[in-house]
Amino acid sequence: MTGELNLGQTLEYIGNGAFLKAAFKTKTLQIHEGLESIGVSAFAQYRNLEELIIPDSALEIGTNAFSSCTNLKSLTLLSVEIEIGPNAFEFSELINVTLHTAATTISNDVPLIHCDGKSCG
């Protein structure tokens, strides 16, 4: 899949592997309010993605959903409560993570970035 990525405003769920290895030109992905779930490996290996904004309505990000998005540097999570699956952002280059002001906890067992003991990112 190539070209621009434009997700509909009535989308509630993005299925498992829906955009796996996509080559869209879109660098910033702002998912519209109303989306509740992002499936397993939904956007894995989407190499052009640099910035991701996930709405308050999101309740779940599946395992490996954004893994190996090697240019992903900025993540904004507007949800107060969201379940993030294992390795959801593994092998991304996150350097800026913005959370909803009411969010107070990120689980230790679901790291946002990959750390191998020498470096993180």
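Which residue is the bridge partner of Leu77 in S10? Here are some notes that lead to the answer.

1. A word on the basis: this is a predicted model, in which local features need pLDDT of at least 70, side-chain atom pairs count only at pLDDT 80 or more, and totals for chains, interfaces and linings use all residues. Residues are numbered from 1 along each chain as its sequence is written, and side-chain values use heavy atoms, leaving out hydrogens and water.

2. One open sheet has four strands in the order S4-S6-S8-S10, paired in parallel (strands are DSSP runs of E, at least two residues, numbered from the N terminus; two strands pair if DSSP finds at least two bridges between them). Strand S4 (28-30) and strand S10 (96-99) are at the edges with a single partner strand each, so one side of each has no neighbour in the sheet. On average, neighbouring strands here are turned by 5° against each other, direction ignored (axes are lines fitted to C-alpha atoms, with angles from 0 to 180 degrees between N-to-C directions).

3. Back to the opening question: S8 and S10 run parallel and are joined by four bridges, and Leu77 has Leu99 as its bridge partner in S10.

4. A further open sheet of four strands follows the order S2-S5-S7-S9, also with parallel pairing. Its edge strands, S2 (13-14) and S9 (83-84), each pair on one side only. Within this sheet, S5 (residues 37-38) and S7 (residues 60-61) share two bridges, and Ile38 stands opposite Ile61 in S7.

5. Ile54 is worth a look: its contacts (heavy atoms within 4.5 Å) include Ile38, Ile61, Phe66 and Leu77, not counting residues up to four places away in sequence.
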